[in-house]
Amino acid sequence: MPNATLDFQSFSITPIHAYSDNYIWCIHTEEKAWVVDPGDHKVVEAFLTEHKLDLDGIIITHHHWDHITGISKLTSNRQIPVYGPSHPKIPEVTEVVNEGDQLNIFGLQLTVLFVPGHTLEHIAYFGITAAGQPLLFCGDTLFCAGCGRLFEGTPAQMNHSLQRLTTLNDETLVFCTHEYTESNLKFALEVEPDNTDIEAELSIVQALDTSKQPSLPTSIAKEKRINPFLRASLPQIRQKLTEQFGVSADTFSEDECFAAVRRWKDNF
Ligand SMILES: [Zn+2]
């Protein structure tokens with residue numbers, strides 16, 4: 001298995017690179033595999049062939065093309081379940097899931113969390129391994145030091161979804177679907193120039209060859225220290241928002257602080 005494989009006793013998780021910066025997370029044993037958000041069937045088929053794995057199922061977080069385009073090819077000659085939200089762009093979903101629904105992958109019980117904002121139907125999958133390690137597959141909702149753009153939802157919806165994810169155990173490993181970490185950290189440092197945790201993470205990721213070793217997964221604990229979208233209403237960030245936008249951010253609501261950081265990043 002590649003260096004980037006993480007072992008969780010009854011299964012492992014390996015990132016499959018797709019397009020320029022997507023990760024298709026593969027949850028697998030020595031014989032069987034599930035994939036999360038297969039935007040490209042070719043890289044998944046190559047991985048399955050190389051490691052002699054049978055595809056047992058697919059889970060989907062939202063309807064964007066780079067997360068779903070591989071589904072139809074992967075299921076055309078396989079009778080396997082596809083779990084995902086209800087959305088007209090993903091007719092291949094065979095098991096529509098909503099908030100609170102559960103599924104089991106190699107003994108890992110995953111619970112569906114409804115996290116709208118990036119898109120309106122976006123869901124995430126959270127579970128705890130037999131050894132007690134919490135895991136989160138969050139699609140394009142939370143990134144290392146960043147968050148997904150608001151294509152469909154409101155800032156309040158996205159902020160609520162992100163704040164909800166911060167209530168998960170600090171040790172939760174977060175499997176994001178894009179390698180945006182370095183550019184996100186550069187923006188985070190602009191928002192919080194005195195945050196030494198951000199500086200330290202930036203030098204770590206700059207020393208990584210992310211084509212071989214992803215900067216992910218991240219953790220909820222780390223995101224609470226470095227992610228400007230989770231920290232948007234802290235006094236030092238309000239102060240920067242005031243300087244950036246020329247209006248006093250002292251009286252902004254938490255959602256307004258989040259919206260202002262998002263707007264800043266969109267134009268960064
Ligand atoms: Zn997306």
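Begin by selecting Phe187, Phe229, Phe258, Trp264 and Phe268, which together form one aromatic cluster. The model on the screen is predicted.

Within this cluster, keep Phe187 and Phe229 selected and display their rings. The ring centres are 6.3 Å apart and the planes meet at 25°, so the pair is stacked; the cut-off for stacking is an angle under 30 degrees. Next, colour the chain by secondary structure. Phe187 belongs to helix H5 (residues 181-191), whereas Phe229 lies in the loop between helix H7 (220-226) and helix H8 (235-245), so the pair ties together parts that are 42 residues apart in sequence. Are these two residues, Phe187 and Phe229, buried or exposed? Both are buried.

Now add Lys265 to the view. Its charged end sits over the ring of Phe187, 6.0 Å from the ring centre. A second contact of this kind is found by selecting Arg263 and Phe245: the charged end of Arg263 sits over the ring of Phe245, at 5.1 Å from its centre.

The tour then moves to another pair of rings. The structure has a count of 11 aromatic pairs. One of them is formed by Trp25 and Phe175, which are arranged edge-to-face, with 4.9 Å from centre to centre and 80° between the planes. Trace the chain from one residue to the other: Trp25 is in strand S3 (residues 22-28) and Phe175 is in strand S14 (residues 173-176), so this pair links distant parts of the chain, 150 residues apart. Finally, show the molecular surface around these two residues. Trp25 is buried, with a relative accessible area of 2%, and Phe175 is also buried, with a relative accessible area of 1%.

Notes: Residues numbered from 1 in each chain as written. Predicted model: local features only at pLDDT ≥ 70, side-chain atom pairs only at ≥ 80, totals over all residues. Heavy atoms only, no water. Phe/Tyr/Trp six-rings, centres within 6.5 Å; stacked < 30°, edge-to-face > 60°. Helix = DSSP H or I, 4+ residues; strand = E, 2+ residues; numbered from the N terminus. Buried < 20%, exposed > 50% of the residue type's maximum accessible area, 1.4 Å probe, protein only. Lys NZ or Arg CZ within 6 Å of the ring centre and 35° of its normal.
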